[in-house]
Amino acid sequence: MANIPVPNWHPARLPDARTLEGRFVRLEKFDPTRHSDGLYAALQGPSPDPKLWDYLPWGPFPDRTDFDKWISAHTADPDPWVYCVVDKATGVVDGNLSLMSIVPAHGRIEIGGVVFGASMQRTPKGTEAVYLLAKEAFELGNRRLEWKCNNENARSKRAAERFGFTFEAVFRQHMVLKGKNRDTAWYSIIDSEWPAVREAFERWLAEENFDKTGQQIKPLESFRVSPTS
């Protein structure tokens with residue numbers, strides 16, 4: 001792909017405060033006044049995910065004051081552009097994720113800062129949240145969507161592959177977080193790949209792909225392997 005012309009290129013647009021609506025969840029631009037209590041309950045409530053904070057650069061927050069300070073710092077700038085995941089059936093905040101590393105001039109953006117509470121696990125909500133944000137990223141005119149994680153974070157690496165991201169490389173000694181070395185695994189989806197990835201998401205999320213108990217009938221990856229089956 002080196003030196004291939006990009007005719008009529010225009011920089012991508014910046015994200016805005018629109019709510020992104022799905023079937024199971026909606027993504028609302030994070031508002032500390034509206035969302036902080038619900039997010040704290042989801043992430044630090046009575047039954048928190050014990051592995052939730054293992055590879056994140058911040059947390060855990062057993063003390064609410066520390067959580068509020070983090071929220072204030074985390075949402076002070078437009079990068080990251082933070083969304084709360086709200087369950088459409090209950091109105092409950094289930095987690096948050098962000099568009100970040102936003103470089104409109106080159107059409108590059110990342111999904112990161114993904115923190116999903118236990119209520120999102122083993123449900124379609126997490127997959128739909130990532131789909132909604134990926135869709136928004138490409139509709140803003142980006143040509144590259146990134147996913148990065150600690151190379152030891154098997155759960156995040158597996159999620160990236162399931163969502164349709166392509167592994168690119170490991171950046172060795174990329175960061176020092178919480179006093180430990182972090183080698184960072186880089187993944188991406190580019191704009192030419194997005195239509196097939198989008199179709200797989202949409203077919204997986206469709207009502208007919210879930211049984212009466214809410215369990216998937218076919219896995220997400222199967223729709224990419226045989227997109228027309």
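## Briefing on a predicted model

In this predicted model, the backbone nitrogen of Lys 51 lies 3.0 Å from a polar atom of the side chain of Asp 49. Asp 49 itself belongs to the loop that runs between helix H1 (32–44) and helix H2 (64–74). The points below take up this loop residue, a second acidic residue at position 28, the largest pocket, the nonpolar cores, backbone geometry, and two further loop positions, Pro 104 and Leu 140.

**Asp 49 and its surroundings**

- Asp 49 has a relative accessibility of 11% and therefore counts as buried, the cut-off for that class being under 20%.
- Beyond the neighbours within four places in sequence, Asp 49 is in contact with Gln 121 and Arg 155.
- Arg 155, one of these two partners, is also among the lining residues that lie nearest the centre of the largest pocket.

**Glu 28 in strand E2**

- Glu 28 is part of strand E2, which covers residues 25–29.
- With a relative accessible area of 8%, Glu 28 is buried.
- A polar contact of 2.7 Å links the side chain of Glu 28 to the side chain of His 35.
- When neighbours within four places in sequence are set aside, the residues in contact with Glu 28 are Thr 19, Arg 34, His 35, Val 82, Tyr 83, Cys 84 and Val 86.
- Two of these contact partners, Cys 84 and Val 86, are also members of a nonpolar core of 17 residues.

**The largest pocket**

- The volume of the largest pocket is about 1,400 Å³.
- Its lining consists of 50 residues, and those nearest the centre of the pocket are Val 114, Phe 116, Arg 155, Ser 156 and Ala 159.
- By residue class, the lining of the largest pocket comprises 23 nonpolar, 16 polar and 11 charged residues.
- Contributions of at least two lining residues each come from strand E4 (93–103), strand E5 (108–116), helix H3 (125–139), strand E6 (144–150), helix H4 (154–163) and strand E7 (166–177).

**Nonpolar cores**

- The largest nonpolar core contains 40 residues, and Leu 27, Leu 97, Ile 111 and Trp 147 have the most contacts inside it.
- Helix H3 supplies the largest share of this core, namely eight residues.
- Another core, of 17 residues, lies apart from the largest one and includes Leu 56, Trp 70, Cys 84 and Val 86.

**Backbone geometry**

- Most residues other than glycine have a negative phi, and most peptide bonds are trans.
- Gly 59 and Pro 60 are joined by a cis peptide bond with omega of about 0 degrees; Pro 60 is located in the loop between H1 and H2.
- This loop between H1 and H2 is also where Asp 49 is found.
- A cis peptide bond likewise joins Asp 79 and Pro 80, with omega of about 15 degrees; Pro 80 is located in the loop between H2 and strand E3 (81–87).
- Ser 101, although not a glycine, has a positive phi of about 45 degrees.
- Ser 101 is a residue of strand E4, and its relative accessible area of 30% makes it partly exposed.
- Arg 122 also has a positive phi, of about 60 degrees, although it is not a glycine.
- Arg 122 is placed in the loop between E5 and H3, where its relative accessibility of 81% classes it as exposed.

**Loop positions Pro 104 and Leu 140**

- Pro 104 sits in the loop between E4 and E5 and, at 21% relative accessibility, counts as partly exposed, because the buried class requires a value under 20%.
- Residues up to four places away in sequence aside, Pro 104 touches Trp 9, Pro 11, Ala 12 and Leu 14.
- The C-alpha atoms of Pro 104 and Asp 31 are 24 Å apart, and the two residues are 73 residues apart in sequence.
- Leu 140 occupies the loop between H3 and E6 and is buried, with a relative accessible area of 3%.
- Leu 140 touches Ala 12, Arg 13, Leu 14 and Pro 15, again not counting residues up to four places away in sequence.
- Ala 12 and Leu 14 are thus touched by both Pro 104 and Leu 140.
- Leu 140 and Glu 21 are 119 residues apart along the chain, with 16 Å between their C-alpha atoms.

Notes. Residues are numbered from 1 along each chain as its sequence is written. This is a predicted model: local features need pLDDT of at least 70, side-chain atom pairs count only at pLDDT 80 or more; totals for chains, interfaces and linings use all residues. Side-chain values use heavy atoms; hydrogens and water are left out. Helices (H or I, at least four residues) and strands (E, at least two) are DSSP runs, numbered from the N terminus. Buried means under 20% relative accessible area, exposed over 50%, partly exposed in between (1.4 Å probe, protein chains only). A polar contact is a pair of N or O atoms within 3.5 Å; within protein, one must be able to donate a hydrogen and the other to accept it, and residues adjacent in sequence count only if both atoms are side-chain atoms. Contact means heavy atoms within 4.5 Å. On a 1 Å grid over the protein atoms alone, a cavity is a set of points where a 1.4 Å probe fits but cannot get out, and a pocket is an open set with protein on both sides within 12 Å along at least five of seven lines; lining residues have an atom within 4 Å of a point. Grid points are joined across faces, edges and corners, and a volume is the space filled by probe spheres set on the points. Ala, Val, Leu, Ile, Met, Phe, Trp, Tyr, Cys and Pro count as nonpolar, Asp, Glu, Lys and Arg as charged, and the others, Gly among them, as polar. A nonpolar core is a set of buried Ala, Val, Leu, Ile, Met, Phe, Trp, Tyr and Cys residues joined through side-chain atoms within 4.5 Å.
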